[in-house]
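Dear colleague,

I am passing on the structure below, and I would be glad if you could look it over before reading the notes that follow.

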Amino acid sequence: MSILRAVGLEINFRGLRALDAVALEVHEQETVGLIGPNGAGKTTCFNCITGLLTPDAGTVLLGDADVTELPPHERARLGMARTFQTVQLFAGLTVEENVLVGTHARTRHGLVADGLLLPSSRNEERSTRAEVRRILEFLDLWRYRELPAKSLALGEQRTVELARALASQPRLLLLDEPLAGVSRSAKQGVMDLLGQIRREFNVALLVIEHDMKLVMGISDFVYVLNAGKLLAKGSPQEVRNNPEVITAYLGASEEEPVALGS
């Protein structure tokens with residue numbers, strides 16, 4: 001069953017077509033890779049899917065719901081979450097407080113109920129804090145819970161952002177370059193963790209990543225963008241062996257075949 005379908009996405013910036021009839025699909029509990037050279041339109045595609053940009057044409061469906069015109073917070077309530085290429089945390093808040101922010105997309109009680117200390121509000125708060133602890137422990141962040149987020153190393157800050165996204169209990173999680181700033185020795189561990197997250201939290205993943213070997217290793221299906229257009233799609237093996245992908249992504253000539261992510 002499809003959890004995300006983007007159909008015919010088009011967007012122009014000052015006369016330049018950044019996306020041209022892009023279509024992609026993600027099924028439940030599937031990991032999908034979105035790859036392409038710099039400037040291919042990957043993050044622009046993410047921004048259209050998550051509501052940071054409104055496409056000039058096309059449709060974004062989350063399950064059966066048309067979310068094309070909805071703002072990001074409404075998409076979050078319907079089960080969509082994302083991380084960013086550049087970490088975006090509340091630097092002055094603690095690690096635990098940052099992750100608690102992510103729960104607001106799904107909590108039912110507001111300031112009035114919280115201020116009156118209604119039993120239902122207290123029960124929800126206990127449940128929410130227990131879930132946040134589960135996420136932090138799963139991601140090995142519990143020991144940092146009282147530290148300011150800004151005091152952590154970049155890789156740990158990325159993990160906090162991931163924890164905050166998971167706290168919204170998404171059905172679909174979009175990850176924009178989760179390995180950016182991560183040391184080479186730690187990259188495989190991060191990608192292994194994404195597989196564990198998919199199973200533990202019953203979530204589908206859509207991943208932008210430049211490390212082709214790693215993204216091919218965790219993806220069930222791969223889409224390739226080039227100059228705003230969908231160049232190829234298929235299994236990792238099919239994409240890896242596609243001459244057009246090799247040429248576009250690595251700049252190889254037809255006389256110089258290159259193994260992509262082998």
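R14 takes a positive phi near 50 degrees in the hairpin of β1 and β2, where 2 residues lie between the strands. This is a predicted model, in which local features need pLDDT of at least 70 and side-chain atom pairs count only at pLDDT 80 or more, while totals for chains, interfaces and linings use all residues. Residues are numbered from 1 along each chain as its sequence is written, and side-chain values use heavy atoms, with hydrogens and water left out.

Strands β1 (residues 2–13) and β2 (residues 16–27) run antiparallel and are joined by 8 bridges; strands (E, at least two residues) and helices (H or I, at least four) are DSSP runs, numbered from the N terminus, and two strands pair if DSSP finds at least two bridges between them. N12 has R17 in β2 as its bridge partner. β1 also runs antiparallel to β4 (residues 57–62), with 5 bridges between them, and there R5 stands opposite L61.

The largest nonpolar core (buried Ala, Val, Leu, Ile, Met, Phe, Trp, Tyr and Cys residues joined through side-chain atoms within 4.5 Å; buried means under 20% relative accessible area, with a 1.4 Å probe and protein chains only) has 43 residues, and those touching the most other members include I35, L136 and L194. Its largest share, 6 residues, comes from α6. Domain 1 (1–79 + 170–262) and domain 2 (92–168) both give residues to this core, so it lies between them; the domain bounds come from an automatic or database domain assignment. Another core, of 28 residues, lies apart from it, with C48, I49, M80 and L174 among them.

With best wishes

Definitions and conventions
Buried means under 20% relative accessible area, exposed over 50%, partly exposed in between (1.4 Å probe, protein chains only).
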